[in-house]
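Here is a short tour of some ring contacts and a helix packing. Have the viewer open and follow along.

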Amino acid sequence: MVTSVVEKLGGFVIEANVSEKTTHVVTQGPRRTVNLLKGIARGCWIVLQEWVLKSLDADVWLEEDEFELADFSPAVKVIIFLCVMYCNCNKLFWHANTLSV
């Protein structure tokens, strides 16, 4: 589903794993996976899959803010805090079954 939306709307490339090129991680909800944690550490947008679906309905990529995942486990909140405080990261972006966009 996400792949077909990306092909239709353009502007992104699907990756299996978070890399230095990843800007967004799409997720179905809060999970603690390697790709999610990498996305946080890299400052990627961590967005709910709903962002992709609503963007398809609008026929344009919507602003991410409304769809940014904000409900993290305590362990992930600590990682985010440490990243922001000590790694000079200033963006946050997310993943589900870990599909990177």
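## An aromatic cluster

In this predicted model, Phe12, Trp51 and Trp61 come together as one aromatic cluster. The structure holds three aromatic pairs. One of them joins Phe12 and Trp51, an edge-to-face pair with 6.0 Å centre to centre and 75° between the planes. Phe12 sits in the loop between α1 (2-9) and β1 (24-27), while Trp51 belongs to helix α3 (residues 49-58), so this pair ties together parts that are 39 residues apart in sequence.

Are these two residues buried or exposed? Phe12 is partly exposed, at a relative accessible area of 22%, just as you can check on the surface, whereas Trp51 counts as buried at 0% relative accessibility. Phe12 also pairs with Trp61: the ring centres are 5.0 Å apart and the planes stand at 85°, over the 60 degrees needed, so this pair is edge-to-face. Trp61 lies in the loop between α3 and α4 (74-86), so its pairing with Phe12 ties together parts that are 49 residues apart in sequence.

## How α1 meets α3

Now for the helices. α1 and α3 pack with their axes 10 Å apart, at an angle of about 45°, and that makes α1 oblique to α3. The crossing of α1 past α3 is left-handed.

Which residues in α1 and α3 meet? From α1 come Val2, Val5, Lys8 and Leu9, and from α3 come Gln49, Val52, Ser55 and Leu56. By class, this contact of α1 with α3 has five nonpolar, two polar and one charged residues.

Notes: Residues numbered from 1 in each chain as written. Predicted model: local features only at pLDDT ≥ 70, side-chain atom pairs only at ≥ 80, totals over all residues. Heavy atoms only, no water. Phe/Tyr/Trp six-rings, centres within 6.5 Å; stacked < 30°, edge-to-face > 60°. Helix = DSSP H or I, 4+ residues; strand = E, 2+ residues; numbered from the N terminus. Buried < 20%, exposed > 50% of the residue type's maximum accessible area, 1.4 Å probe, protein only. Axes fitted to C-alpha atoms, helices over the stretch in contact; angles between N-to-C directions. Parallel < 35°, antiparallel > 145°, perpendicular 65-115°, else oblique. Left-handed = near helix turned anticlockwise from the far one by under 90°. Contact = heavy atoms within 4.5 Å. Nonpolar A, V, L, I, M, F, W, Y, C, P; charged D, E, K, R; others polar.
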